[in-house]
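Student: Please take me through one helix of this structure in close detail. I am new to it, so keep to that part and its neighbours.

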Amino acid sequence: MPRGEGYRFLILGQRLERALISARVISVWHRRLGGFGSQAAFAEWVKLLKSVSAYEAYLRSFRATMQGELVLTFLLQSADLPRSVFGSLVLVESLLAGLGPQDPSPLRRKAGRLRSSVEFVEAGVLGPNLGAFLETLEEGIVDLADEVERTYFRPATANAMHAYEAF
């Protein structure tokens with residue numbers, strides 16, 4: 001596929017979906033294990049990493065050290081892991097910068113705020129408040145995807161209907 005605007009939108013959607021799925025998988029495992037304290041065994045961390053295809057990458061970074069805080073930080077904030085939430089949002093931000101012809105600056109600011117909320121989350125939030133943080137993160141990703149749709153794929157006038165709303 002040519003690396004034009006269509007390709008950028010395809011990758012943009014893929015990365016938004018990947019960020020959302022990664023956040024949801026972490027949230028499901030957090031609820032399933034009743035938190036990510038020391039109760040979670042080595043095998044549980046391995047299952048979580050494998051479920052998002054990050055096990056080998058984690059081992060290259062941390063060897064066989066399976067600690068909850070390291071796993072969460074890796075899946076949420078790793079700049080080296082393209083499947084991390086942060087890695088996906090960085091690419092979303094750069095793709096939005098290259099799209100036109102409309103002025104995407106409000107959209108890029110929203111993407112930047114979302115990316116920075118993940119990048120600069122404090123370690124304390126990853127403990128007892130992780131569930132609330134992940135819920136807010138998921139809502140932010142969905143809101144960003146909706147904003148991309150409104151900005152690029154919805155007509156500017158209120159009278160015009162989108163193709164799939166006509167039926």
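Tutor: This is a predicted model. Start with helix H7, residues 130-152. Its 23 residues, at 1.5 Å a residue, should span 33 Å. The end C-alpha atoms of H7 are 33 Å apart, which agrees.

Now look at the buried positions. In H7 these are Leu130, Phe133, Leu134, Leu137, Glu138, Gly140, Ile141, Leu144, Val148, Thr151 and Tyr152. Why might such positions recur along a helix? An α-helix has 3.6 residues a turn, so residues three or four places apart point the same way.

What do the buried residues of H7 pack against? Their partners are H1, helix H4 (68-77), helix H5 (85-98) and helix H6 (105-119).

Take H6 from that list. Packed helices are described by the angle between their axes and the distance between the axes. The axes of H6 and H7 cross at roughly 160° and come within 10 Å. H6 is therefore roughly antiparallel to H7, as the angle is over 145 degrees. Their crossing is left-handed.

Which residues make this contact? H6 supplies Leu107, Lys110, Ala111, Leu114, Ser117 and Val118. H7 supplies Phe133, Leu137, Gly140, Ile141, Asp143, Leu144, Glu147, Val148, Thr151 and Tyr152. By class, the contact of H6 with H7 has ten nonpolar residues, three polar and three charged.

Several names now come up twice. Among them, Phe133, Leu137 and Ile141 are buried in H7, and these residues also take part in the contact with H6.

Methods
Residues numbered from 1 in each chain as written. Predicted model: local features only at pLDDT ≥ 70, side-chain atom pairs only at ≥ 80, totals over all residues. Heavy atoms only, no water. Helix = DSSP H or I, 4+ residues; strand = E, 2+ residues; numbered from the N terminus. Expected span 1.5 Å × (residues − 1). Buried < 20%, exposed > 50% of the residue type's maximum accessible area, 1.4 Å probe, protein only. Contact = heavy atoms within 4.5 Å. Axes fitted to C-alpha atoms, helices over the stretch in contact; angles between N-to-C directions. Parallel < 35°, antiparallel > 145°, perpendicular 65-115°, else oblique. Left-handed = near helix turned anticlockwise from the far one by under 90°. Nonpolar A, V, L, I, M, F, W, Y, C, P; charged D, E, K, R; others polar.
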